[in-house]
Amino acid sequence: MTHACSFTLSKALNFGALFVRRSKFHLNCLPKCSCTPFRMESSSSLRIGNIDSRGALVVLEGLDRCGKTSQCSRLLSYLEGLGHSVELWRFPDRTTSVGQMISAYLSNQSHLDDHTIHLLFSANRWEKRSMMEAKLKAGTTLIVDRYSYSGVAFSSAKGIDIEWCKAPEIGLLAPDSVLYLDIPPEKAAERGGYGGERYEHLEFQRKVAQCYQMLRDSSWKIIDACQSIEDVEKQLKEIVLDQVTACKKGKPFSLLWSC
Ligand SMILES: Nc1ncnc2c1ncn2[C@@H]1O[C@H](COP(=O)(O)OP(=O)(O)O)[C@@H](O)[C@H]1O
Ligand SMILES: Cc1cn([C@H]2C[C@H](O)[C@@H](COP(=O)(O)OP(=O)(O)O)O2)c(=O)[nH]c1=O
């Protein structure tokens, strides 16, 4: 078990280092705005007429306890009720061996260098990337609880350079919509349920909130998460349905890092 873990860890770190190196190449080669839409050719695309219909990639982001989990499951039921193909995903995905290392770190059972854990979070997204693309192309909408923005916000809140944090995320699929559940850190802390996990401290969450602000782009919708669960849900449903419709009509994919 220890062996398997250290093997995976070394693989993940090699992979991370490779990405940070390759990202320099990417940064130099890509146009300034790397979210230029493009079509990904594949025989497995769902083609309706001459349109590449696909599922939407919808990401929920925000501080711990902002209400992501509650809203993700409501969105899932809503879209399923309308007859859409939809799945709920979350990052970190703690089911993989990389995910188990992350889980041990978050629950303070292991200690890792800040850069190392950052690359593991990123590797955890990369190991799901091809599955993500396949699902979307097959027409399934993915509602994702946390994504690259969490990766960058939480690591840069520790003082790591933000561009360094973004680098290993370059080339992942860009979300069609990022729903940011906005809540003052003090309010989120009042909701309780802060367990023993590593980042569940008010002072750190304040820094994370500031870092999230630097990541906002045109794909973001900011929702006041202090409203009732039902009011938040109503707003999210509208935004998500618009995206699902746009993607069904063949909205092109984009890649991170979004501008
Ligand atoms: N809009 C809301 N108003 C009040 N309480 C909420 C709201 N949304 C979620 N909660 C409660 O806050 C806690 C954390 O919600 P959860 O959905 O697990 O957040 P997250 O997944 O972002 O950590 C839960 O007890 C949940 O019932
Ligand atoms: C996805 C991701 C999460 N995190 C952090 C955010 C959370 O504090 C923690 C675990 O996420 P999660 O299990 O979603 O916790 P919660 O339900 O409280 O939101 O990991 C990162 O630091 N980097 C990442 O890339």
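The 13 residues around ligand 2 divide into six nonpolar, three polar and four charged; here Ala, Val, Leu, Ile, Met, Phe, Trp, Tyr, Cys and Pro count as nonpolar, Asp, Glu, Lys and Arg as charged, and the others, Gly among them, as polar. A residue belongs to such a shell if its C-beta atom, placed from the backbone, lies within 6 Å of the molecule. Those that come nearest to ligand 2 are D64, F121, S150, G151 and F154. Two elements, α2 and α6 (148-156), give two or more residues to this shell, and α6 gives the most, with three. Helices (H or I, at least four residues) and strands (E, at least two) are DSSP runs, numbered from the N terminus.

The model is a predicted one, in which local features need pLDDT of at least 70 and side-chain atom pairs count only at pLDDT 80 or more, while totals for chains, interfaces and linings use all residues. Residues are numbered from 1 along each chain as its sequence is written, and chains are lettered from A and ligands numbered from 1 in the order in which they are written.

Ligand 1 has a shell of its own, made of 14 residues, of which G67, K68, T69, S70 and R191 are the closest. By type, this shell holds four nonpolar, six polar and four charged residues. Helices α2 (68-81) and α10 each supply at least two of them, with α2 giving the most, three residues.

What is the strand order of the open sheet? Its five strands run β4-β5-β3-β6-β7, with parallel pairing; two strands count as paired if DSSP finds at least two bridges between them. In general, strands of a sheet pair through backbone hydrogen bonds, either parallel or antiparallel. The edges of this sheet are β4 (86-90) and β7 (220-224), each of which pairs on one side only. On average, neighbouring strands are turned by 20° against each other, direction ignored; axes are lines fitted to C-alpha atoms, for helices over the stretch in contact, and angles run from 0 to 180 degrees between N-to-C directions.

A look at one edge adds detail. Strand β6 (residues 177-182) pairs with β7 in the parallel sense over five bridges, and L181 stands opposite I223 in β7. Helix α10 (residues 229-248) packs on the sheet and touches β3 (57-61), β5 (141-145), β6 and β7, its direction making about 170° with that of β6. Two residues are in contact if their C-beta atoms, placed from the backbone, lie within 7 Å.

Some backbone details deserve a visit. A cis peptide bond, with omega about 5°, joins F91 and P92, and P92 sits in the loop between β4 and α3 (97-106). Another cis peptide bond joins L256 and W257, with omega about 15°; W257 is found in the segment after α10. R65, in the loop between β3 and α2, has a positive phi of about 75° although it is not a glycine.

Finally, how confident is the predictor? On the pLDDT scale, the predictor's confidence in each residue from 0 to 100, the protein chain has a mean of 87, and 80% of its residues reach 70 or more. Among its elements, helix α4 (residues 114-126) has the highest mean, 99, and helix α1 (residues 2-29) the lowest, 43. Over residues 1-9 the pLDDT is below 50, and this stretch has six contacts beyond near neighbours in sequence. For the complex, the predictor gives an ipTM of 0.97 and a pTM of 0.88.
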